[in-house]
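Dear colleague,

Please find the structure below, handed over for your records. My findings on its cysteines and its ligand site follow.

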Amino acid sequence: MTFKALQATKNGNTISANLVEMEETDLMAGDVTVKIDYSTVNYKDGMALSGRAPIIQSFPLVAGIDFAGSVESSSHPGIEVGDKVVANSWGLSQSHHGGYAQKARVSGEWLVKIPDALSTKDAMAIGTAGYTAMLCVLALEQGGITPDRGDILVTGANGGVGSVAIALLSSLGYRVVASTGRLDEADYLRELGAAEIIDRHTLSEPGAPVGAERWAGAVDSVGSATLANVLAQTRYRGVVTACGLAQGLDLPSTVLPFILRNVTLAGIDSVNAPQAVRIEAWSRIARDLDLKKLFRTTKVIGLPDVPAIAALILEGKVQGRTVVDVNAAADNRLS
Ligand code: NDP
């Protein structure tokens, strides 16, 4: 039987994404076949489909760095037919067909069983962005940052990682300060749980190597001068988690925050995170995330809408999370 997929092809330097019909024999190697319900649009999907970063390594390839669905067949120990599973990153949309399709075949090592409290749609409303936000929260906890230590700064607040980080941290009792370029969205950020909103321009220009101590911890998805300023403003023995590069991939900083204030810069990688860490992150999401907050701004689109949203996310014009219903009729549009 055929199924629909959004396939990326490359002509010269131009990448295009087209809806195609594929056969099961087109699927790649793996010991689990999944009937996909939903995928999502992450910043990395925007970079992959625009070619801004060389994420897709072989063409043609089904794009989409994550998916959620139910297991159709499995020879992988511990994964049974009918299990609800989620896959985030690994080789998806890099060297292996990704989540913008009605079907996928992958190694069972790439799959996490979705906790009972979450549906496949919830899992993609959370997506790689939300799971990465949880990895940041876990790193803050591992660094000893408890709510009584002080304010937590979240940069890129209106984005996928930022919005889920705010919701998670506020549910856990932290006082969250949200940094954004979209001050007109302050009400949305407060609804997510931000106690205070600051203009991202106060952080985005090169600043002093150390400044007044403000943050007990931070979740930074922006990088560049913003991350340097966040480090400079972090309190003694604070923890800054760095997961993104929305402003830039440079880090124009000095060693002073580390050697004068004992600040920890915790790197966050969701792509190759060990299975045990993924399972912990997903079970903590099921426990700690208030999905009602997330769903207030989650949009649902169909496969044909993905390229347009992937372009908008690179311009910082997408708020919160976008779920892709891979089984929606081809003429389905933003709902
Ligand atoms: P989004 O596009 O949803 O969010 C990024 C946000 O950053 C924007 O909404 C905007 O927030 C802010 N922003 C955008 N451009 C700039 C700029 N020039 N200067 C300062 N702030 C800016 O992306 P995601 O949340 O999905 O991902 C965020 C980052 O994290 C990306 O760089 C992505 O590649 C990375 N990432 C890394 C992962 C990992 O494993 N390490 C996994 C997932 C994501 P606002 O409008 O509020 O200012």
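**Cysteines and ligand site**

C243 is partly exposed, with a relative accessible area of 23%, whereas C136 is buried at 0% (buried is under 20% relative accessible area, exposed over 50%, partly exposed in between, with a 1.4 Å probe and protein chains only). This is a predicted model, in which local features need pLDDT of at least 70 and side-chain atom pairs pLDDT 80 or more, while totals for chains, interfaces and linings use all residues. Residues are numbered from 1 along each chain as its sequence is written, and side-chain values use heavy atoms, leaving out hydrogens and water.

The closest cysteine sulfur to that of C243 belongs to C136, and at 4.1 Å it is too far for a bond. The structure accordingly holds 0 disulfides (a disulfide being a pair of cysteine sulfur atoms within 2.5 Å).

Turning to the ligand, 25 residues surround it, of which T180, G181, R182, R200 and S270 come nearest (near means that a heavy atom of the residue lies within 4 Å). By class, this shell has 11 nonpolar, 11 polar and 3 charged residues; Gly is counted as polar, and Tyr and Cys as nonpolar. Domain 1 (2-113 + 298-334) and domain 2 (129-267) both contribute residues, so the ligand lies between them; the bounds come from an automatic or database domain assignment.

A ligand oxygen atom is 2.6 Å from an N or O atom in the side chain of T180, and a ligand oxygen atom is 2.8 Å from a polar backbone atom of V161.

Yours faithfully

How values were computed: Polar contact = N/O pair within 3.5 Å; in protein donor to acceptor, adjacent residues only side chain to side chain.
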